[in-house]
Amino acid sequence: MTPSRVIWLDGELVPWEDAKVHVLSHALHYGSGVFEGIRAYPTDRGPAIFRLQEHMDRLVRGCRAYGIPLEYSADELVEIAESVVRENDLRDGCYIRPLVFLGLGSIGLNPAGAATHVMVAAWEWGAYLGEEGVEHGIRGRFSSWRRINHASLIPSAKGTGGYLNSILAKAEAVAAGYEEALMLNSEGFLAEGSGENVFVINDGVVTTPPVSDGCLNGITRDSAITLLRSEGVEVRESSLTRAALYYADEVFLVGTAAEVTPLREIDDRPIGDGKPGPITKMVQKDYGDLVRGRIPEYDHWLTYVEGN
Ligand code: PPE
């Protein structure tokens, strides 16, 4: 990660190294925060942030769901994110990380009285699962950990505490020599990757798990569904078993950080012929064009930020 110049924290832009919190912050102890991950890309008209409004809407909804008081509206957060990209002069694209978290004011689990803090940082962040992975696909393995479920947490909100579940899965997969963990829900159906939604292709039909199966309502997921349907490909949202991935012709992962990354192997079984397939490559190309402002019909998904 390359640090950038400034971070927006509680109403002001502060130098990167001064954006600090107290060790007794509630969120540090209990994971009481909600975050977002957003990317900006270089375009012919300067840097543009992809689906910024939808990300901030999800952040606001997540705070409401977890009962974290937030004084900023999604529209205000949109403006703040634009200023962070502009002030850091991140013209070649960047990753934007907004975080709402509880600070001092409450010791113990009851969060009442804890101050809400809001920060938005941005930095340059390359391929999440490696350049090599984007091109040739990655090796995945089903985790021994089950995905957080609707009975215990809120899988559709990006609550920071819930990510301990993703961390367990990711660390386990990497320690075993794989690049990513795929996670089943408590019923044994596919939920998602540790930080990505999953698409499975069989005989030209694309299937992705419904949000009710415990995956995040991913914004890249929605973009991929839109792109696939506009290319005339049938997309279904329905439950997938572990074995469905063993039978698949193609599988790819999507997320803001991961973008569109092919899976070339699952549980040591090659997927298809072990190389990224045609539908995966088409979505990769379309998504790459889309986020760089090369498909005019989706221009409303881009927020152009003028550089200094
Ligand atoms: N599922 C999970 C669990 C998840 O964390 C993400 C994003 C997605 C699906 C895809 O959602 P979307 O970005 O809206 O398409 N993961 C973020 C954080 C990754 C991290 O390591 O931190 C991201 O991609 O920004």
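## Polar contacts with the ligand

In this predicted model, a polar side-chain atom of K158 lies 3.2 Å from an oxygen atom of the ligand. Two other side chains also place an N or O atom by a ligand oxygen: for Y128 the distance is 2.5 Å, and for T220 the value is 2.5 Å as well. Considered on its own, the ligand would expose 550 Å², and the protein buries 93% of that area.

## The residues around it

The shell around the ligand holds 21 residues, of which Y95, Y128, Y163, E192 and T220 come nearest. Sorted by class, this shell is made up of seven nonpolar, eight polar and six charged residues.

## Where the shell comes from

The space that the ligand takes is the largest pocket of the model. Both domain 1 (6–123) and domain 2 (131–291) contribute to the surrounding shell, with at least three residues drawn from each. Among the secondary-structure elements, strand 6 (94–102), helix 6 (219–230) and strand 14 (250–255) each supply at least two residues of the shell. T220, whose side chain has an N or O atom 2.5 Å from a ligand oxygen, falls within the range of helix 6 (219–230).

Conventions
Residues numbered from 1 in each chain as written. Predicted model: local features only at pLDDT ≥ 70, side-chain atom pairs only at ≥ 80, totals over all residues. Heavy atoms only, no water. Near = heavy atom within 4 Å. Polar contact = N/O pair within 3.5 Å; in protein donor to acceptor, adjacent residues only side chain to side chain. Areas by Shrake-Rupley, 256 points an atom, 1.4 Å probe, with all protein chains shown as cover. 1 Å grid on protein atoms, 1.4 Å probe; cavity = no way out; pocket = protein on both sides within 12 Å on 5 of 7 lines; lining within 4 Å. Sits in = over half its atoms within 2 Å of the grid points. Helix = DSSP H or I, 4+ residues; strand = E, 2+ residues; numbered from the N terminus. Nonpolar A, V, L, I, M, F, W, Y, C, P; charged D, E, K, R; others polar. Domains from an automatic or database assignment.
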